[in-house]
Amino acid sequence: MSHEQDAQLVRMVNQIIANLTPGRDQDAAAAEVCAHLEKFWARPMKQSIIACLEKDDTGLSTLAKRSVRLLKTKDRL
Amino acid sequence: MIQHFDPSQHAKDLGTPAPDADATPVSVEIDGVEITVPEGTSVLRAAALADINIPKLCATDSLEAFGSCRLCAVQVEGKRGTPAACTTPVAEGMRVTTQNDRLARLRRNVMELYISDHPLDCLTCPANGDCELQDMAGTVGLREVRYGFEGENHLAAEQDHSNPYFSFDPSKCIVCSRCVRACEEVQGTFALTIDGRGFDSKVAAGQDEAFMDSECVSCGACVQACPTSTLMEKSVIDAGQPEHSVITTCAYCGVGCSFEAQMKGDQLVRMVPYKGGDANHGHSCVKGRFAFGYATHPDRITTPMIREAIDQPWREVGWEEAIAFAAERLQAIQAEHGRESIGGITSSRCTNEETYLVQKLIRAAFGNNNTDTCARVCHSPTGYGLKTTLGESAGTQTFDSVMQADAIIVIGANPTDAHPVFGSLMRRRLRQGASLIVADPRRIDLLKTPHLADAQHLPLRPGTNVALVNALAHVVVTEGLEDHDFIAARCDTQAYRAWRDFIAEERHSPEASEAITGVTAEAVRRAARTYATVGNGAIYYGLGVTEHSQGSTMVMGIANLALATGNIGREGVGVNPLRGQNNVQGSCDMGSFPHELPGYQHVADAEARARFEAAWGVALDDEPGLRIPNMFDAAIEGSFKALYVQGEDIAQSDPNTQHVEAALKSLQCLIVQDIFLNETAKYAHVLLPGSSFLEKDGTFTNAERRINRVRKVMAPLAGKADWEVTVDLARALGYPMEYGHPSEIMDEIARLTPSFAGVSYAKLEAHGSLQWPCNAEHPDGTPTLHENDFPIGRGRFAITEYVATEERANRRFPLLMTTGRILSQYNVGAQTRRTNNQVWHDEDLLEIHPSDAELRGIQDSDWLGISSRAGQTVLRARLSERMQPGVVYTTFHHPGSGANVITTDNSDWATNCPEYKVTAVQVEKVSQPSAWQRRFEEFDRVQRGHLPEVVQREATP
């Protein structure tokens, strides 16, 4: 997955967080974002965003990382 | 086999409209026959219902009674004179005589006067065989015209052939005013009038102008209403009267009008709006009524073609070779690059059955969920937003429901242009006194509705929808305008409380939002009060809501507003997405999205998936597939290698054209199935001829969830309907599908999709149409959703935080561009550009406010270079005050315009629906086409040159 592709996915996650998490505490927010990714993202996109956890300077926010880590634990991919 | 449908049960003209069906019954005696009808019924209609056919000319049941022709005169016992049956309502105990010597003499005298000023050319008249004047002359027994034909007359009146589709011959006019009344009552345009008085009275368009120079929108209502050949389709003048007809469904917008395709053998003579159509009730627009010539245009692709690479000429081959070529390539790519390296796009222009088959092909034969549809780029946020809040991915009402609405909010929609027949119905309700609130950056034509009672325009800045809807909801909550009973009985309490706390915050007040939206607080407060307090509040919205980075949030904001005010679950209210293409609702219903099986059943739902696996005989992937923009990204990145596109033109319709072009060029195999060499097909390796809606059986589902039959009226030009091609491709891929007729596909859909469980072709024949859900619980369908509960139990308020789009105006790109549609063209224009609709709009223009134009020294018709972060194109300027300063507007109906070269790949956070409605641009005067346009012209020339010579020759005008 290219840097551009990673950047696009990170941008999408951050955008989801901005819209989906207001009014929720961090646990609920991470669960909600994870559920969204699980429900709507394709397998390769999930794999790529999980791979971003291991990379530096991807631009994933703290909450984004937490959400993606949660996605990783689902282990369905 | 061509299927015929007998329209006779609906075809009879009963003379005047039906009153309310639940009006008090009234019994009358007409010619000795006792008849009971609802109060308010005219004598003319009551008689017709008993098959007592009183002669008439100025009366027709699509128009209010007028009482001008005097032909329907009757006698009523105990009353003096001979009142007109059309304007005389029935009364209890009334005894009416419709035939006696006195009435016969009177009618003959009336007809004699008409005929004394009428050309006696019946045998060569285009209406011969379909003329009410001729019929009535026969009915009343006219045998002589004592006045002669030498007196003053109108026989030399000048004809008007300016409209491309119909002619106006005033010498044949009887001044019954049916055309004028149709333009007013049915269409709501008021383009026609009766000019002059007495003998000088004549029908005039506009200020006595040619039809083309007037405000006429060419809907055909006047032509339909004319009882003579005064207003007559040119196609009938050329071809003569049709000899049979078939009821089918229009293939243009999401209104889904029913039409009689009137035929001569396999030649389509005219499309006549079908009075029995539940979506349109006999009305039409210029597209459905007249713009059908594309179906037999010489540009039609009728032979399959293949090529190894897109720089090579096409090679015409037989169906078998083309399908084998496509299948071999798909299999080879999957063998080398993996199961997920290919995918497909279903068509929102094709039938439900065809769409179902394409997604089945992808899921079952490709073995992945890489299926998507053009709803991705239009109403995918509707699916997400309404499912989240109300539990169902669809609009809640029938179109007719608007006639019960007291306050109508229209957000980001332009119904008079994009959904014209529904726009006319809405205008009718507005003339009756309903309040109108339009939230739109542009001053749309709906605001110019004649006799509009009360209109409010909220001219918000592009991209600020959510801030506006939050401000509206804030007023509802803080001014105590909520429907607490509804909320308590129907909504999730916890979600409501959280939402209420959120929306009541001062930062959502109209005063705080004013700086964001540009709409005055006073206007927002007034609009919210109107919606919440006048009675039934109905919200209609379009792509101006969905095609934003917060499209899904805005849909939920709209649902919040409806829930908070209790405007859900009955006639006259609701949340109503105006869907774009003819079958975009159906394509979503049929499982086109990568995460949902038919009926919006998630692929991870083990129980649902098991049913499909059992029926289809294969294991299905439980992970969602790629959406269209994800496919493009993956193609460029190199992991996605092949795409099957049925009946969509992603190269023209999707945003950031240069990105799309790069993606399409990256593919090793692009299979396009279409009726034309569209822009996408120029990048294809396999071109499979598509079939038009006239060439196949099936169903379309319109914006009100109405499933309507599409009926074959002619054989497919290329020999196969689209569904047959998909079946062939599946078989070649080793996954045989066995269907003898589309009805069998619908039977399978019904078995697997709970909301379609009760749908069958037999039931559609019996009912005419059905609105889903149609199942054991709702055997006759469901006109209004959520009457008693929601599919998710209780309505769920959603937190709708306003997040400004990243696409912002700045010094480099100081203007915001928004895109839209116009009446005469449809979507990418592939159909309408191949009709005479071109006379209204033969190029896309950039509308710009005069103050922005003046700043840049721009005058009307100047060539303008429009630049954005994505690209540049060149269009001509149209100065218009419909736009607010700082905002420019264009359409995307012509491929060379490159409107989507400018739009960016910003998209909705939940669904990736592109943000077509907000692009920051700069505009300047230029003298030549953009670099992209020059490349486009050259690529287009080369690709047309790759077509076989015979195809090129036929396509030459």
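This passage describes how chain A and chain B meet in a predicted model, how two domains of chain B pack against each other, and which charged side chains pair within and between the chains.

The interface between the two chains is considered first. The contact draws on 31 residues of chain B and 24 residues of chain A, and about 2,300 Å² is buried between the two chains, with 47% of that area on carbon and sulfur atoms. On the side of chain B, Glu623(B), Glu637(B) and Trp909(B) supply 28% of the area that this chain buries against chain A, which is more than any other three residues provide. Charged pairs also occur here, since four salt bridges are found across the interface of chain B and chain A, together with 11 residue pairs in polar contact. Helix α23 of chain B, which spans residues 628-637, contributes four residues, the largest share of the side of chain B that touches chain A. Sorted by class, that side of chain B has nine nonpolar, 10 polar and 12 charged residues.

Two salt bridges between the chains can be described individually. In one of them, Lys46(A) pairs with Glu623(B), and their closest N and O atoms are 2.4 Å apart; Glu623(B) is also one of the three residues named above for their share of the buried area. In another, Asp621(B) pairs with Arg43(A) at a distance of 2.7 Å between the closest N and O atoms. This pair crosses from the loop between α22 (606-616) and α23 of chain B, where Asp621(B) lies, to helix α3 (residues 43-52) of chain A, which holds Arg43(A). Asp621(B) has a relative accessible area of 11% and therefore counts as buried, and Arg43(A), with a value of 13%, is likewise buried.

Within chain B, the domain assignment gives domain 1 (305-377 + 583-771), domain 2 (380-577) and domain 3 (815-926). The centres of domain 1 and domain 2 of chain B, taken over C-alpha atoms, are separated by 34 Å, and the contact between these domains takes 13 residues from domain 1 and 12 residues from domain 2. The area buried between them is about 970 Å², of which carbon and sulfur atoms give 44%. Tyr600(B), Glu704(B) and Arg705(B) supply 45% of the area that domain 1 buries against domain 2, more than any other three residues. The count between these two domains is one salt bridge, while six residue pairs are in polar contact across their interface.

Over all chains, a search of the whole structure finds 59 salt bridges. Among them, Arg300(B) pairs with Glu695(B), the closest N and O atoms being 2.8 Å apart. Arg300(B) lies in the loop between α8 (286-290) and β12 (305-306), and Glu695(B) in the loop between β25 (686-689) and β26 (698-701), so this pair ties together parts of chain B that are 395 residues apart in sequence. Both Arg300(B) and Glu695(B) are buried. A further pair, Glu482(B) and Arg500(B), meets at 3.0 Å from N to O, and it ties together parts that are 18 residues apart in sequence, because Glu482(B) lies in the loop between α14 (465-478) and α15 (484-490) and Arg500(B) in helix α16 (residues 493-503). Here Glu482(B) is buried, with a relative accessible area of 8%, whereas Arg500(B) is partly exposed, with a value of 27%. Finally, Arg442(B), Asp445(B), Lys448(B), Glu847(B) and Arg882(B) are linked in a network of salt bridges.

Note on methods:
Residues numbered from 1 in each chain as written. Chains lettered and ligands numbered in written order. Predicted model: local features only at pLDDT ≥ 70, side-chain atom pairs only at ≥ 80, totals over all residues. Heavy atoms only, no water. Contact = heavy atoms within 4.5 Å. Buried area = accessible area lost by both parts, 1.4 Å probe. Polar contact = N/O pair within 3.5 Å; in protein donor to acceptor, adjacent residues only side chain to side chain. Helix = DSSP H or I, 4+ residues; strand = E, 2+ residues; numbered from the N terminus. Nonpolar A, V, L, I, M, F, W, Y, C, P; charged D, E, K, R; others polar. Domains from an automatic or database assignment. Buried < 20%, exposed > 50% of the residue type's maximum accessible area, 1.4 Å probe, protein only.
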